[in-house]
Amino acid sequence: MAGRAKLGSYAITIVVVWLIIVGALGRFAAVAWGATNDSSAAGGAEETVRLDPVVVSAARVEQRLRDVPANVTVITREEIAQSPARTVDDLLRQIPGFSLFRRSSSLVTHPTTQGVSLRGIGPSGVSRTLVLLDGVPLNDPFGGWVYWSKVPLESVERIEVARGGGSGVWGNYALGGVINIITRRPEARVAQLKVDGGTRNTVDTDLLVSHATGPWGISLEGSFFDTDGYKIVKKSQRGAIDVNADSSHKTFNGRVEYTPSLASSLFLAGTFFREDRGNGTPLQNNETETGYIATGGRLKTADGSDWQLTLFSHMQTFNSTFTSAAVDRNSETPALDQFDVPSTDAGANLQWSKRIFQSHLLTAGTDVRWIDGETNEFFTFNQTLKDFTGRRKAGGEQFLAGAYVQDIFTPAPGWQITVAGRFDSWQSFNASRVQQNKQTGVVTRDNQFSDRDEFAFSPKVALLYHATDQLSLRSSFYKGFRAPTINELFRPFRVRNDITEANENLDPERLIGGEVGMDYSIMRNLLGRLTAFWNEVKDPVVNVTKGIGEGAAMEPCGFVPVGGVCRQRDNLDRTRIRGIEAELEYRPHPSWAFSSSYLYNHTEVLSAPNQPELEGKRIAQVPRHQGTVKVGYTNPALINVSVQGRFIGDQYEDDLNSLKLGDYVVVDLMLWRSIPLPKLSAGEVFLAVENLFDRDYEVAKTADGIVTTGTPLLVHGGVRVRF
């Protein structure tokens, strides 16, 4: 424990010294740049002006970013266009603490590993962060993961990332925070086309058209992506079955808006998405087809009330195959065929807000979400019959309902107090798991699970103090709640020879935490942010190791191949996550921008009575150190350049901390230049390089030593035009 305390103190010292040094360098650079700025001003150059953005993700109402008592990052449309990333998750990796269950890009990873975590709050296939698309949940209703490819980057106006417990107003999933993706709104007579091609036969195209006239606005978007991908198993371990993990997806988005006045508006939006993936061997692949529709409106009444209503629904089908690989990886045997995994949900949110006595901004609302999902799959492959012998159907329904109230109180100039509370109800019903012999139809297992219901109260108290125009201090205390998904409760899954069994007795996760921080304009155009946070999670759901396979049956997984692992989802008693976030943004000149961020994250299993060997271990899949450095240079007459370096510290693949994944650094590069085109309002060419130095790094490891590697050197480029 003394060693851990020493390491924590060391990290704090590094951050503080880092802020002091950069602040001093910033002041020195300001002097050096002074002459340049003066001469530029004399020549008529314009000074960079950055407007304080308005965000909605932290408190569910519009607030200036400066008035939010939380660490919120906003990625603007300009920053999106200047990034080499081709998916939302790759874009968000520049934010410290953002991670998927695996280190891989969503372009080559199985959908069920794309759950998102902020600050290491229980990373697994299911998300502990609420992801929204224009305020509507994007988390998969069946499993909680996120289909990041559903959202083409060309359609995104900005992304808000609010770190810290958000359950006080948002409810389920918002343990670690909220990510809100806001799409572009219809504009008059606009068409935008992007054509992007690259190595590994990668094609990425997007066409967005929109029009607005009078009170009406409409936008339509079609997107297509296809890549041959790359081999994901470490080169020295590959065999005949290792092929490229290819991927292809198509997206269609539509939105209609009706705004008869400044006080009222209506909208209707919908999406269709299809994805086909190869998962690195000939017999492993998955397909997803999903549709989404949302409608609602906003009304501001004469008494100052602001009413908002949203209705939404998702429908989805999914199938996936898994295999068992031979030791030499020259052959594979079918192991699991999830041939039909349908899911449906429907939900609604009604919210009222009003400013009272100028010092109170009151908000109250309620939301509901119904979910229905099941898995239909074949299991236990018989080599003699060349067919599966088992068939399984498992699933159920869930209903979540919540009500919340919030008061943002300004008692005096410079002070702001936020008090919020939310009551949630979770119900699981009509759940079952039935297994039968595929050939004879004889039922071998028939579980009809009891209906369950749970309740949770999630309060939040936050304080913000603008000490000066340059310095703001903030703190908050909160509780959070996450219900286990249908997938966690009833669907087993497999990764190569490692099997994870479901657990119908999982309890909801509950979080208690707090943070303190400051935002400090160290000097003109130099902003520093520092946040220290502490969280404890009660009953976290993790994949607990039950044993190593010996080519025989093992409870509760059934047959486990030699060298494979049997795991089961289970609640630990308590885990703790503590850390520090530090960020700096510096713009010494209109042409130059520098930014850096660092996260120190100390995680620990505090109590696990059913698995005492886990106590004191680090939480799996959480690196202790993460950092990002970004440099941008813009010169419209010449060329624009953006370079970003990311450092990810070592982490453990498993709960026992026996499978270590090493640290790594990757560098990405983006070049772009505006081009004059007749009759076009804008045009540019761009070239992007991901993993510039072709760094080979680990993203996953199995108990038998098979290593999955991350994205290699990828080069792509193209043109973006706007009519």
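This passage describes the nonpolar cores, one sheet, several salt bridges and one buried loop residue of a predicted model.

The largest nonpolar core of the predicted model comprises 23 residues, and those with the most contacts inside it are Leu92, Phe98, Trp148, Ile159, Ile179 and Ile181. Two or more residues of this core are contributed by each of the elements α3 (88-92), β4 (98-100), β5 (116-118), β6 (130-133), β8 (156-163) and β9 (177-183). Ile159 illustrates how such contacts are distributed along the chain: when residues up to four places away in sequence are not counted, Ile159 touches Thr73, Val74 and Ile75, then Val88, Leu91 and Leu92, and finally Ile179, Asn180 and Ile181. A second core, separate from that one, consists of 20 residues, among them Phe273, Phe318, Ile371 and Ala483. In soluble globular proteins, nonpolar side chains tend to be buried together.

Strands β8 and β9 also belong to an open sheet of five strands, arranged in the order β3-β8-β9-β6-β7 with mixed pairing. The edges of this sheet are formed by β3 (71-75) and β7 (136-137), each of which has a single partner strand, so that one side of each is left without a neighbour in the sheet. Between β8 and β9 the pairing is antiparallel and extends over seven bridges; Ala162 has Val178, in β9, as its bridge partner.

Across the whole structure, 50 salt bridges were found. In one of them, the side chains of Arg77 and Glu154 meet with an N to O distance of 3.9 Å. Because Arg77 lies in helix α2 (residues 77-81) and Glu154 in the loop between β7 and β8, the pair ties together parts that are 77 residues apart in sequence. Both partners are buried, Arg77 with a relative accessible area of 13% and Glu154 with a relative accessible area of 4%.

A further salt bridge joins Glu581 to Arg163, whose closest N and O atoms are 3.7 Å apart. Here too distant parts of the chain are linked, since Glu581 belongs to strand β33 (residues 574-589) and Arg163 to strand β8, 418 residues apart. Glu581 counts as buried at 1% relative accessibility, and Arg163 likewise counts as buried at 2%. This pair does not stand alone, for Arg163 and Glu581 are linked with Arg119, Glu515 and Glu583 in a network of salt bridges.

Arg474 and Asp519 form another salt bridge, in which the closest N and O atoms are 2.9 Å apart. The two residues, 45 apart in sequence, connect strand β24 (residues 471-482), which holds Arg474, with strand β27 (residues 509-523), which holds Asp519. Arg474 is buried, with a relative accessible area of 4%, and Asp519, at 18% relative accessibility, also counts as buried because the cut-off for that class is under 20%.

Outside these strands, attention may be given to a loop residue. Ser305 is located in the loop between β15 (285-300) and β16 (306-325), and at 4% relative accessibility Ser305 counts as buried. When its neighbours within four places in sequence are left aside, Ser305 is in contact with Leu299 and Lys300, as well as with Trp352, Ser353 and Lys354.

Conventions:
Residues numbered from 1 in each chain as written. Predicted model: local features only at pLDDT ≥ 70, side-chain atom pairs only at ≥ 80, totals over all residues. Heavy atoms only, no water. Core = buried A, V, L, I, M, F, W, Y, C linked by side-chain atoms within 4.5 Å. Buried < 20%, exposed > 50% of the residue type's maximum accessible area, 1.4 Å probe, protein only. Helix = DSSP H or I, 4+ residues; strand = E, 2+ residues; numbered from the N terminus. Contact = heavy atoms within 4.5 Å. Pairing = 2+ DSSP bridges. Salt bridge = Lys/Arg side-chain N within 4 Å of Asp/Glu carboxyl O.
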